[in-house]
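Q: I am new to this structure and would like a close look at a single part of it. Please take one helix, follow it into its surroundings, and then turn to the pockets.

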Amino acid sequence: SFDEGSVPLGVPASVVNAAYDCDNHVRDWPDAGRFDRFFGAHSWANNSGKENFYWLPCSYDPEESYDLGLERRVDVGMVGCIYEHRMEAIKTLLVKNVTVLGGWGFVGEEWNRLYNLCRCALVLSHSHDLSDRLLANMAQGCVVLADRGIKDAEKLGLKDNVHYMTYSSWWELVEGAQRARVEEWRRYVVANAKEFVKPFTWENRCRTMLAEVGL
């Protein structure tokens, strides 16, 4: 994240001044014009129309998000801020006898282990944005249940019912969680997802940024 004092001004011409903003979908600052190269996680959001803008989607860390090979006894996992619409989704799942595990404050190994106990991971984005959560959950071996219409998903190459499953109603969400109980189907989606996310590591993102600025 940025604050006014963190943006370097008056940098010597020999120094490359670049920035990477994961949250350009929720704010219009910093101004891409202050940088030689501006990397944004969302191709459609703030600063995306600037000449120096470069789309660089969120990614994941394979050392933090991976499959532990545990028995997956829970239907759906959801870790994060439980906004009202997320709570509504969770309540609907529970009413339909879909088990849910999650909450707020889980990080590191605890966060990874929690998702490893779940067959599915619930993704309900802030503004139909493609988040790092979605990719990390795939690497963890979960069937990702994501809200339909996530911008950049198709552009990234994600395919519904191949790499993940999408929903546009709570009924479809419940149906997706129930379908993932079928072991053969779950293994198919998980295998595709794990293969898909392999290149999308933060290390590779850094390599791209360095290459783009000529380093």
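**A helix and its surroundings**

A: Just after helix α1, N97 takes a positive phi of about 60°. That residue is a convenient place from which to look back along the helix, bearing in mind throughout that the model is predicted. Helix α1 covers residues 84-95, twelve in number, and from its first C-alpha to its last it reaches 17 Å, which is close to the 16 Å expected at 1.5 Å a residue.

The buried residues of α1 are R86, A89, I90, T92 and L93. Seen down the helix axis, these buried residues fall within an arc of 160°, so they line one face of α1. An α-helix has 3.6 residues a turn, so residues three or four places apart point the same way. On the other side of α1, E84, K91 and V95 are exposed. The buried residues of the helix pack against the strands β4 (74-79), β5 (100-103) and β6 (118-123), and also against the helices α3 and α5 (170-179).

From these neighbours one can move on to V144, which has its place in strand β7, residues 143-147. V144 counts as buried because its relative accessibility is 0%, where buried means under 20%. Leaving aside residues up to four places away in sequence, V144 touches A121, V123, L134, N137, M138, Y164 and M165. V144 and V76 are 68 residues apart in sequence, yet their C-alpha atoms are 9.2 Å apart in space.

Turning to the pockets, the largest one has a volume of about 620 Å³. It is lined by 30 residues, and the closest to its centre are V79, W111, S131, D132 and R133. Helix α2 (108-116) and helix α3 (132-139) each supply at least two residues of this lining, and the largest share, three residues, comes from α3. By class, the lining of the largest pocket divides into 14 nonpolar, nine polar and seven charged residues.

The second largest pocket holds about 210 Å³ of space. Its lining has 13 residues, of which D67, R72, E183, R186 and R187 lie nearest the centre. Here helix α6, residues 183-197, gives the largest share of the lining, with five residues. The lining of the second largest pocket has two nonpolar, two polar and nine charged residues.

Note on methods
Residues are numbered from 1 along each chain as its sequence is written. This is a predicted model: local features need pLDDT of at least 70, side-chain atom pairs count only at pLDDT 80 or more; totals for chains, interfaces and linings use all residues. Side-chain values use heavy atoms; hydrogens and water are left out. On a 1 Å grid over the protein atoms alone, a cavity is a set of points where a 1.4 Å probe fits but cannot get out, and a pocket is an open set with protein on both sides within 12 Å along at least five of seven lines; lining residues have an atom within 4 Å of a point. Grid points are joined across faces, edges and corners, and a volume is the space filled by probe spheres set on the points. Helices (H or I, at least four residues) and strands (E, at least two) are DSSP runs, numbered from the N terminus. Ala, Val, Leu, Ile, Met, Phe, Trp, Tyr, Cys and Pro count as nonpolar, Asp, Glu, Lys and Arg as charged, and the others, Gly among them, as polar. The expected span of a helix is 1.5 Å times one less than its number of residues. Buried means under 20% relative accessible area, exposed over 50%, partly exposed in between (1.4 Å probe, protein chains only). The arc is that of the directions from the helix axis to the C-beta atoms. Contact means heavy atoms within 4.5 Å.
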